[in-house]
Amino acid sequence: LSYRDRPDGLLAIATQTHLTLTDLDYKLKKDHPPFFLVAEAIEKPGNLGSILRSSDAVGIDALFVCDHCTDIYNPNVVRASVGTLFTVPVIEVRSEDAIAWFKKHQIQIVATSPEGARLFTQTDLSGPVAIAVGTEQVGLSK
């Protein structure tokens with residue numbers, strides 16, 4: 001039951017949930033603008049778990065895992081997420097479908113890049129927004 005040589009002796013059973021874009025309609029009716037994170041083609045389970053932890057810390061409404069390369073229920077994702085996999089809504093979807101959904105609901109998509117023209121502190125992130133991060137190796141796709 002454990003990948004490790006010396007497990008902590010803890011065991012939990014949790015139901016896997018598979019949310020769809022239509023499950024997010026309730027997030028659009030909240031008293032604040034929706035705040036989403038998009039993670040495209042993340043390859044390493046530990047990185048996806050870390051993204052989930054950070055997502056929980058900043059209070060995102062949902063994490064979009066686009067063009068997934070890693071099973072979100074991989075034991076290394078679960079461990080690295082420190083349980084936030086079960087508290088942060090996660091949508092597995094193709095990039096094209098996510099982009100179409102964001103456009104339909106007038107949600108600004110903010111692409112991140114080390115070569116970006118503006119710092120995040122110079123960008124208005126107060127409205128409905130989806131911040132997109134890309135794969136560890138090559139960043140976001142076109």
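These are my notebook entries on a predicted model, taken element by element.

**Entry 1: the sheet**

I began with the strands. I found an open sheet of five, ordered β3-β2-β1-β5-β4, with parallel pairing. The edge positions belong to β3 and β4, each of which has a single partner strand, so one side of each has no neighbour in the sheet. From one strand to the next, the twist averages 25°.

Next I looked up the pairings of β2. With β1 it pairs in the parallel sense over five bridges, and I noted Glu40 standing opposite Cys66 in β2. With β3, β2 again pairs in the parallel sense, over four bridges. Here Leu63 is opposite Val90 in β3.

**Entry 2: how covered is β2?**

How many of the five residues of β2 are buried? I counted five of five, so to speak a short entry. Sorting them by face, I have Ala62, Phe64 and Cys66 on one side and Leu63 and Val65 on the other, all buried.

**Entry 3: helices on the sheet**

I then asked what lies over these strands. Helix α1, residues 45-58, lies across β1, β2 and β3 and runs at about 155° to β2. Helix α3 also packs on the sheet, where it touches β1, β2, β3, β4 and β5, and its direction makes about 140° with that of β2.

**Entry 4: the two sides of α3**

I stayed with α3, residues 95-104, and listed its buried residues: Ser95, Ala98, Trp101 and Phe102. Seen down the helix axis, they fall within an arc of 130°, so they line one face of α3. What do these buried residues pack against? My list reads β1 (35-40), β2 (62-66), β3 (90-93), β4 (108-111) and β5 (129-133). Turning to the face directed away from the buried side, I found the exposed residues Lys103 and Lys104. After the helix comes Gln106, and I wrote down its positive phi, near 55°.

**Entry 5: nonpolar cores**

The largest nonpolar core has 18 residues, and Leu48, Leu52, Leu63 and Ile72 touch the most other members. Which elements give two or more residues to this core? They are β1, α1, β2 and β5. The most comes from α1, with three residues. Apart from this core lies another, of 15 residues, and I picked out Val38, Phe64, Ile91 and Ala132 among them.

I looked at Leu52 on its own as well. Not counting residues up to four places away in sequence, Leu52 touches Leu63, Val77, Ser81, Thr84, Leu85, Val88 and Val90.

**Entry 6: Ser55**

Is Ser55, a residue of helix α1, buried or exposed? Its relative accessibility is 1%, so Ser55 counts as buried, the cut-off being under 20%. I checked where the polar side chain goes: it reaches the backbone oxygen of Ile51 at 2.7 Å. Beyond four places in sequence, Ser55 touches Leu37, Ile60, Leu63 and Val88. Leu63 also turns up among the contacts of Leu52.

**Entry 7: Val82**

For contrast I went to the loop between α2 (75-81) and β3, where Val82 lies. Val82 has a relative accessible area of 63%, and because the cut-off for exposed is over 50%, it counts as exposed. I also took a distance to Leu52: the two residues are 30 apart in sequence, and their C-alpha atoms are 8.8 Å apart in space.

**Entry 8: Val129**

My last stop was Val129, in strand β5. At 1% relative accessibility, Val129 counts as buried. Which residues is Val129 in contact with, leaving aside its neighbours within four places in sequence? I noted Pro34, Phe35, Phe36, Ile107, Gln108 and Val110. Phe36 is 93 residues away from Val129 along the chain, yet 6.2 Å separates their C-alpha atoms.

Key: Residues numbered from 1 in each chain as written. Predicted model: local features only at pLDDT ≥ 70, side-chain atom pairs only at ≥ 80, totals over all residues. Heavy atoms only, no water. Buried < 20%, exposed > 50% of the residue type's maximum accessible area, 1.4 Å probe, protein only. Arc of directions from axis to C-beta. Contact = heavy atoms within 4.5 Å. Pairing = 2+ DSSP bridges. Axes fitted to C-alpha atoms, helices over the stretch in contact; angles between N-to-C directions. Core = buried A, V, L, I, M, F, W, Y, C linked by side-chain atoms within 4.5 Å. Polar contact = N/O pair within 3.5 Å; in protein donor to acceptor, adjacent residues only side chain to side chain.
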